[in-house]
Amino acid sequence: MNTETSWPGRVLVTGGASGLGAAVVEAVLRAGGTPVVLDRDITSVAAVKAFEVDVSDRLAVERTVQEAAESLGGLDAVVTAAGIDRCGKLADVAADEWEKVIGVNLLGTVSVVRAALPYLKASRGRVVTVASTLGKRAVADATAYCASKFGVVGFSHALAAETAGLIGVTTLIPGGMKTHFFDDRTEQYKPQDDSRLNSPGNVAQAILFVLSQPTGCEVREMLICHAEEGSWP
C-alpha cells in the first residue's frame, strides 16, 4: 500500500453497484478510503465515482480502468466482485450464455487486473480476486460457473507467484451470500433456505482485513462462509 495514501486508499471495485461489490464500496467508505465502481449498470450508484462497462469487453475495460485510475490519481487496490451465473446441464445452456459466464467471471477478472497492474505496481497495492467455494468443489448443472471460478483460483495463484514482492494478490473464496445473485434463476437453482447464506457485509470486512496487512505480509487465500455453509468443504 502506498504509504502516502491513507488506508484503505483508492479501491477499484468491479460489480460495485450491487451485492458483494456494493458492500465493499460501503466498507471502504466507512474506513475512510476512496472507492470507484465499475459495473454494467451504475444507475443505483450515487455516493462515489462510477463507470459503466461490461467487464467481458476487454478493450472497453482497458479504457475504463485507465480513466477510473487517472480520475483518482492512481490505485491502491482492486477487488473483482463482478460475476454472473447460468445454471443448467451443459447441453441445455446455450453456448453463448455459457461462454458469457467465462467472459465475465474469468476473462473479466483478468482484463481488469491486467489493466490495473501499472497503477498497482506504482503504489505497491493489492488485488483481491473473488472466486467461490465452487472454485474448490464442483457440483452438477454448474459447469460454466465452476469452470470460471476454478479458473479464477488458478489465475490468482499464478499471478501471486509472478508478482511476489511487487503487489499483493489474494484469492477470496466466499460461500453463498444474501444478495440478488440468485434472483434470475429458476426455482430449482435458488437456495431453498437462505438462513445459511452469509451477509456480504461480513465478506467485505474480510476484504478490508486483507487490504490492511502491513508491507511484506500477504494473505494469499481466504475462505469465508456462513458457519453452516453447504458448499464447503
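This short talk describes one internal cavity and two buried residues in a predicted model.

Residues are numbered from 1 along each chain as its sequence is written. Because the model is predicted, local features need pLDDT of at least 70 and side-chain atom pairs pLDDT 80 or more, totals for chains, interfaces and linings use all residues, and side-chain values use heavy atoms, without hydrogens and water.

I begin with the cavity. A search of the whole structure gives one cavity of 30 Å³ or more, a cavity being a set of points on a 1 Å grid over the protein atoms alone where a 1.4 Å probe fits but cannot get out. The largest cavity holds about 30 Å³ of space. Its lining, meaning residues with an atom within 4 Å of a point, consists of Thr14, Val55, Thr80, Ala82, Val104, Gly108, Thr109 and Val112. Helix H3, residues 95-123, supplies the largest share, four residues; helices here are DSSP runs of H or I with at least four residues, and strands are runs of E with at least two. By character, the lining has four nonpolar residues, four polar and no charged, with Gly counted as polar.

I turn next to Thr163, in the loop between helix H4 (143-162) and strand S6 (168-174). Why does Thr163 count as buried? Its relative accessibility is 2%, and buried means under 20%. A polar atom of the Thr163 side chain lies 2.8 Å from the backbone oxygen of Leu159.

Finally, Ala142 sits in the loop between strand S5 (126-130) and H4. Ala142 is also buried, because its relative accessibility is 6%. Ala142 and Cys87 are 55 residues apart in sequence, yet their C-alpha atoms are 5.5 Å apart in space.

How values were computed
1 Å grid on protein atoms, 1.4 Å probe; cavity = no way out; pocket = protein on both sides within 12 Å on 5 of 7 lines; lining within 4 Å. Points joined across faces, edges and corners; volume = space filled by probe spheres on them. Buried < 20%, exposed > 50% of the residue type's maximum accessible area, 1.4 Å probe, protein only. Polar contact = N/O pair within 3.5 Å; in protein donor to acceptor, adjacent residues only side chain to side chain.
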